[in-house]
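Here is a briefing for a reader who has not met this structure before. Please look over the sequence and the model first.

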Amino acid sequence: MSLRTIRLEGDEILRKKSKEVKVMTPRLKTLVEDMLDTMYEYGGVGLAAPQVGILKRIVVIDIGEGPYVLINPEITAQSGSQTGMEGCLSIPGKSGQVTRPNEVTVRAFNENMEEFTLTGTELLARAICHECEHLEGGLYIDKVEGELVEDEDDYEEE
């Protein structure tokens, strides 16, 4: 396992649509492990494969409850609304206010390509939406209400 370089805003790969994972290979399993290590090292709560330069539909999330690995995630339901500050490891030192659903359900595959469904509320819902957006070439700054603000410390929330 090793740390991956996080791609920063302005890198064109962050604006490209990711490709579906058809088969889990040893190389992709290593990618998942590296993504988790990278997310933890940089203090994020989520990381999508495009953020480390790989255009595959892979997301890792950990809001403090243990990691979730989402392969080919598809949001199947959403409800409610929440507005809060959001940041991104690909846009260090900045955050902005974004409105997202308060509850989402996502269908995905785990690292063994076993299908599962996950329903998240509040921060988990926000993280799922944020990371799935990366897979479509989107960034949270596309949805910021108002101005981006400079973060007061070095902690970056994904």
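The notes below cover the overall build, the strand pairing, the cysteines and two residues with positive phi.

This is a predicted model, in which local features need pLDDT of at least 70 and side-chain atom pairs count only at pLDDT 80 or more, while totals for chains, interfaces and linings use all residues. Residues are numbered from 1 along each chain as its sequence is written, and side-chain values use heavy atoms, with hydrogens and water left out.

**Overall build**

- The protein has two helices and eight strands; these are DSSP runs numbered from the N terminus, helices being H or I of at least four residues and strands E of at least two.
- Along the sequence, the order of elements is α-β-β-β-β-β-β-β-α-β.
- The radius of gyration is 14 Å, which agrees with the value near 15 Å for a compact globule of 158 residues; it is taken over C-alpha atoms, and the globule rule is 2.2 Å times the number of residues to the power 0.38.
- The C-alpha trace spans about 40 × 35 × 30 Å along the principal axes.
- Of the 158 residues, 49% count as buried, where buried means under 20% relative accessible area, exposed means over 50%, and partly exposed lies in between (1.4 Å probe, protein chains only).
- About 7,900 Å² of the protein is exposed, and carbon and sulfur atoms supply 46% of that area; the areas come from the Shrake-Rupley method with a 1.4 Å probe.
- Among contacts between residues at least 6 apart in sequence, 68% join residues at least 24 apart; a contact means heavy atoms within 4.5 Å.

**The open sheet and helix H2**

- Three strands, in the order S4-S5-S8, make an open sheet with antiparallel pairing; two strands pair if DSSP finds at least two bridges between them.
- Strand S4 (82-87) and strand S8 (149-150) are the edge strands, each pairing on one side only.
- Helix H2 (residues 122-135) packs on this sheet and touches S4 and S5, and its direction makes about 60° with that of S4. Axes here are lines fitted to C-alpha atoms, for helices over the stretch in contact, with angles from 0 to 180 degrees between N-to-C directions.
- Two bridges join strand S5 (residues 94-100) to S8 in the antiparallel sense, and Lys94 has Glu150 in S8 as its bridge partner.

**Pairing around strand S6**

- Strand S3 (residues 68-79) and strand S6 (residues 103-109) run antiparallel and are joined by six bridges; Gln78 has Val104 in S6 as its bridge partner.
- S6 also pairs antiparallel with strand S7 (residues 115-121), over seven bridges, and Val106 stands opposite Leu118 in S7.

**Cysteines**

- The count of disulfides is zero, a disulfide being a pair of cysteine sulfur atoms within 2.5 Å.
- For Cys88, the nearest cysteine sulfur is that of Cys132, 14 Å away. Cys88 counts as buried because its relative accessibility is 1%.
- For Cys132, the nearest cysteine sulfur is that of Cys129, 7.1 Å away. Cys132 counts as buried, at 11% relative accessibility.

**Positive phi**

- Most residues other than glycine have a negative phi.
- Asn72 has a positive phi, near 55°; Asn72 lies in strand S3 and is buried, with a relative accessible area of 12%.
- Met113 has a positive phi near 60° in the hairpin of S6 and S7, which has five residues between the strands. Met113 is partly exposed, with a relative accessible area of 24%.
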